[in-house]
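Let's sit down with a model and learn to read it feature by feature. The learner asks, the teacher answers.

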Amino acid sequence: MNIVILNGSPKSSNSITVQSMHYLALKNKTCNFEYLNIIDDVKKGEKDILKIADKVSECDGVIWIFPVYHMLIPAHMKAFIEKINEYNLVKKFSNKYCATYSTSIHYYDHTAHDYMEGICNDFDMKYLGSLSHDMNDLIKAECQSELEFFFANFIESIKTDELTLKRFKKTSKYNYNYQNNECSKKIKTTKRTVIVTDSEKGSNIDKMIVKYSSMIDGPVKVVNINESTFSNYCIGCCNCSTHNECIYNNTDDYRKTLDFILDNSDIIVYACEIKDRYFSSRIKLFFDRSFCYTHIPVFKGRQIAYLVAGPVSELGALNEIMKSYSSNETNLAGIVSDECQDDNILNNQIETLVNKSINFAEQDYIKTPMFLSVCGSKLFSDAIKSTLGTIFLADYNYYKVNGLIKNESITGKLKNMTFRYMMNKKAFQSKVKKNMYKHMISKHKKILELEVTNNE
Ligand SMILES: Cc1cc2nc3c(=O)[nH]c(=O)nc-3n(C[C@H](O)[C@H](O)[C@H](O)COP(=O)(O)O)c2cc1C
């Protein structure tokens, strides 16, 4: 059986992810594994992409493998997918059995796999499932077994011509030419807005930016990343781990662009068009390269807003990703898209978004985070407290100084130990259970009593 491994790691044969495929190749000698490193071909032209597509069309099954980068696949792999569409090569992928495999630290690995499943559905591939391993899982016996099980099922499904179902519908396409109206009332503010975009002149996004900016009587800057010259993809070398210095710092203008945005913003507006099931690979490149600041929340304290052209409400994974970009002590002011296809509604929605962003910025309002952000912060904190923090020294220092590495206090530990000890005693347990409701709101009641006393 001929299996094509489409490798999305920029490290090619030195990739952690690809080692798992080598492991499978050693365990499955009757299968022929062909490794195609996307990073080598993506910067080349149509001919080389066609060669890859031909290999895909001739094989029995494809495994898309990738490291999770910024909650998705790496930017160059996204660019590869865009080229498949651009060069009309989707047919070469259609009806091919496929699966996805990644390594990461499990931070938003689910959005990356959902995105890839959506792409496989769009390409009419027969999607057989995913496996997401931690970057060190291959050294664990139980994960080796799981990997073998995953591959055995993959092969069996191909042999038995398994019927697959599509989980994601195709997204809506529409031709809507937005006409922005004159701004009736500008909002005066000293808060600084930076709009980050890759928009083209005359596009809906371009006009949404004009509308947004025209509402503000205060500092607004538009950073169109197409005017910056950086084009190097992150190569995962982790040179940034010790002092947040990227190997490209002196060779391209990425860091200058990012630092300009950070130095000049209280509000950041990302104004982007949907390309397949995410924004463009150029925008993805912008996000991937921000890894130069590793896991340090450099956007802290800012308001984040999105102006989107395209069917954003149909893209669950993208919505989760957008919400995450606005966690880490930043605040999501809102998301406005042109999918309403109505000038009046869109003009009103943009006006509301401007109002909210400025109001929140002036109040320094950061909303209490929910599940995804709470878990994300705990995951980073745990990782940096252990092995990740031995390499990522800049992260460790930042997390330590800012109290983000949390250890339980000795008094807290003692209090909990004592309570647990008492809870094991039947009499105490039944007393607590009897008064559970009262106990749970006892401290809240004290706040209300205090409020009553203050009002008297
Ligand atoms: C630019 C960059 C972004 C990353 N983003 C994420 C992420 O969002 N979630 C995560 O769990 N790991 C993330 N990682 C960690 C990689 O996914 C992980 O190290 C992976 O195992 C590398 O695989 P490879 O050696 O095959 O490239 C990121 C690493 C880099 C360099």
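**Reading the model together**

A: Let's warm up with one residue: Glu 329 is partly exposed, at a relative accessible area of 36%. Keep in mind that this is a predicted model.

Q: What does Glu 329 form a salt bridge with?

A: Its partner is Lys 300, and the closest N and O atoms are 3.4 Å apart. This pair links distant parts of the chain: Lys 300 sits in the loop between α10 and β11, Glu 329 in the loop between α11 and β12, and they are 29 residues apart. Lys 300 counts as partly exposed too, with 39% relative accessibility.

Q: How many salt bridges are there by this rule?

A: The count comes to 19. The idea is to look for a side-chain nitrogen of Lys or Arg within 4 Å of a carboxyl oxygen of Asp or Glu. Take Asp 217 and Lys 188, whose closest N and O atoms are 3.7 Å apart. Asp 217 belongs to strand β8 (residues 216–217) and Lys 188 to strand β6 (residues 187–188), so this pair ties together parts 29 residues apart in sequence. Asp 217 is partly exposed at 36% relative accessibility, whereas Lys 188 is exposed, with a relative accessible area of 67%.

Q: How do I read a salt bridge inside a helix?

A: Start with the geometry: an α-helix has 3.6 residues a turn, so residues three or four places apart point the same way. Now the case here: Arg 255 forms a salt bridge with Asp 259, at 3.2 Å between the closest N and O atoms. The two are four residues apart in helix α9 (residues 254–263), which means about one helical turn separates them. Arg 255 is buried, with a relative accessible area of 14%.

Q: Let's zoom out. Into which domains is the chain divided?

A: There are domain 1 (2–159), domain 2 (187–362), domain 3 (371–401) and domain 4 (410–455). The chain has 19 helices and 12 strands, and its C-alpha trace spans about 80 × 70 × 45 Å along the principal axes. Of its 456 residues, 49% count as buried. Sequence separation is worth a look as well: among contacts between residues at least 6 apart in sequence, 82% join residues at least 24 apart.

Q: How do I judge the interface of two domains?

A: The size of an interface is often given as the accessible area lost when the parts come together. Between domain 1 and domain 2, that buried area is about 2,000 Å², with carbon and sulfur atoms giving 61% of it. In domain 1, His 70, Ala 75 and Glu 82 lose the most area to domain 2, together 26% of what that side buries. You can also count residues: 26 of domain 1 are in contact with 23 of domain 2. The C-alpha centres of these two domains lie 29 Å apart.

Q: How many salt bridges and polar contacts cross from domain 1 to domain 2?

A: The rule finds two salt bridges across the interface, and there are 13 residue pairs in polar contact. On the domain 1 side, α2 (38–42), α4 (75–86) and α5 (109–122) each give two or more residues. The largest share, seven residues, comes from α5. By type, that side divides into 15 nonpolar, five polar and six charged residues. For a salt bridge to look at, try Lys 78 and Asp 276, whose side chains meet at 3.1 Å, N to O. Add Glu 82, and you have a network of salt bridges linking Lys 78, Glu 82 and Asp 276.

Q: Thr 111 is in α5. Is Thr 111 buried or exposed?

A: Use the cut-off: buried means under 20% relative accessible area. Thr 111 has 1%, so it is buried. Beyond its sequence neighbours up to four places away, Thr 111 touches Met 71, Leu 72, Ala 317, Glu 320 and Ile 321.

Q: Which residues of α11 are buried?

A: They are Ala 317, Leu 318, Asn 319, Ile 321, Met 322, Ser 324 and Tyr 325. That is seven of the 10 residues of α11 (residues 316–325), so this helix is largely enclosed by the rest of the structure. The cover over those buried residues includes α5, α10 (281–289), β11 (303–309) and β12 (331–337).

Note on methods
Residues are numbered from 1 along each chain as its sequence is written. Side-chain values use heavy atoms; hydrogens and water are left out. Domain bounds come from an automatic or database domain assignment. Contact means heavy atoms within 4.5 Å. Buried area is the accessible area (1.4 Å probe) that two parts lose on being put together, summed over both. A polar contact is a pair of N or O atoms within 3.5 Å; within protein, one must be able to donate a hydrogen and the other to accept it, and residues adjacent in sequence count only if both atoms are side-chain atoms. Ala, Val, Leu, Ile, Met, Phe, Trp, Tyr, Cys and Pro count as nonpolar, Asp, Glu, Lys and Arg as charged, and the others, Gly among them, as polar. Buried means under 20% relative accessible area, exposed over 50%, partly exposed in between (1.4 Å probe, protein chains only).
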